[in-house]
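Open the model in your viewer and switch to a cartoon display. The tour moves from one selection to the next.

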Amino acid sequence: MYDVNKVRKDFPILGRKIYGKPLVYLDNAATTQKPLCVLDAMRDEYLNVNANVHRGVHWMSQQSTELHEAARETVRRFINAGSASEIVFTRGTTEGINLVASTFSDEFLKAGDEVIVSVMEHHSNIVPWQLQALKKGFRIKVIPMTDKGDLKLDEYKKLFTDRTRFVSIAQVSNVLGTINPVKEIVKIAHEHDVPVLVDGAQSTPHFKVDVKDIDCDFFVFSGHKIYGPTGIGVLYGKEKWLEKLPPYQGGGEMIDHVSFEGTTFEKPPLKFEAGTPDYIASHGLAVAIDYVNRLGMDQIEAHEKDLTTYAMQRLGEIEGMRIFGQSDHKDAVVSFLVGKIHHMDMGTLLDRLGIAVRTGHHCAQPLMDRLGVLGTVRASFALYNTREEIDALADGIERVRKMF
């Protein structure tokens, strides 16, 4: 059985008080808290084997390199990639998308071409493509959605032309919680010989991901959203694509040979990892992945689905409640407004009750335009949250509602 109270003991920060009230942390879609095992592992590496990785002949460098490359293998197993050479360490999801958008555009896109994204994308899966479109002159086309928050796949199919070159899509919406049918989205794109990037920032913490099963060409996620450290992320790319793409940055680590006459580059993944990597954080990410694997991704998924269902029920009973995202395929996020209460007012007053939620447009302004609002309050759940915390949220919302 999944013992959430036992799990919570691994996260001492959850025991603190805010304004004299017990902390109820419901901002997990922005970042998750870190278990002691991750913090201890990173501290231990700094204290005992801190040395720059790769090419060092001394003992500590060798040990540090082994931990860093072992982390790459841990990630490979976690998402079921075919080879560790398909795993590129980045600073996070945002850098991973920027890397692909920049290098793919340089190599394959020109004026008149088309890239498809969806209306529910995070800014990090919109702006990088817009920046490249300004340089190259290609068009960005948008998959629409239903009022419930499901993508319109029939409309998606109609977006393809002989100029479509790329699809970039979130597996889970950070606002609506909608779990998009990425396997089907990839299949449709591949029928047109179009590669697909899947943004897994909001999926990898919550349920099993299998990039072979999805058959995506690229997959990105962030360490800090899956109980690991900040400043580390992962780009998975099929070997055939990583071989074709040019380097993203230049510097140490990513070179084969340098002369003033010209430079040759390492093979992937090192071709995309210029400079000293955050080898401490990569080890921390691996420990975080080991941690969720020990708990069991299936059990985590079941626990969080229960929380999401319960939250939808409890919050739905509140007078004036509007919940955005009513898909039948929904996970770990509830975004809402109550009556005419401004989302910032609601979030600020909930904070005084010790309840941490996120307010604003959640880096998804085009989605806010589609919903017809400026922003929402967002409660997002993790493996350590409880039904009692959702009760506290519902009670807190009621208190604020009555104030207004």
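Start with Arg358, which stands opposite Arg378 in β17. Keep in mind that this is a predicted model.

Next, select β16 together with β17, residues 376-380. These two strands pair in the antiparallel sense over three bridges.

Now add the rest of the sheet. It is open and has four strands in the order β13-β14-β17-β16, with antiparallel pairing. Which strands stand at the edges? They are β13 (321-324) and β16 (358-360); each has a single partner strand, so one side of each is left without a neighbour in the sheet. On average, neighbouring strands here are turned by 30° against each other, direction ignored. Strands of a sheet pair through backbone hydrogen bonds.

Then select residues 343-352, helix α12. The helix lies across β14 (333-338), β16 and β17, and runs at about 160° to β16.

Show side chains on α12. Which of its residues are buried? They are His343, Met346, Gly347 and Leu350. These buried residues cover an arc of only 95° around the axis, which puts them on the same side of α12. An α-helix has 3.6 residues a turn, so residues three or four places apart point the same way.

To see what covers the buried residues of α12, select β14, β15 (355-356), β16, β17 and α14 (387-403), which are among the covering elements.

Finish at Gly354, just after α12, where phi is positive at about 85°.

Note on methods. Residues are numbered from 1 along each chain as its sequence is written. This is a predicted model: local features need pLDDT of at least 70, side-chain atom pairs count only at pLDDT 80 or more; totals for chains, interfaces and linings use all residues. Side-chain values use heavy atoms; hydrogens and water are left out. Two strands pair if DSSP finds at least two bridges between them. Axes are lines fitted to C-alpha atoms, for helices over the stretch in contact, and angles run from 0 to 180 degrees between N-to-C directions. Contact means heavy atoms within 4.5 Å. Buried means under 20% relative accessible area, exposed over 50%, partly exposed in between (1.4 Å probe, protein chains only). The arc is that of the directions from the helix axis to the C-beta atoms.
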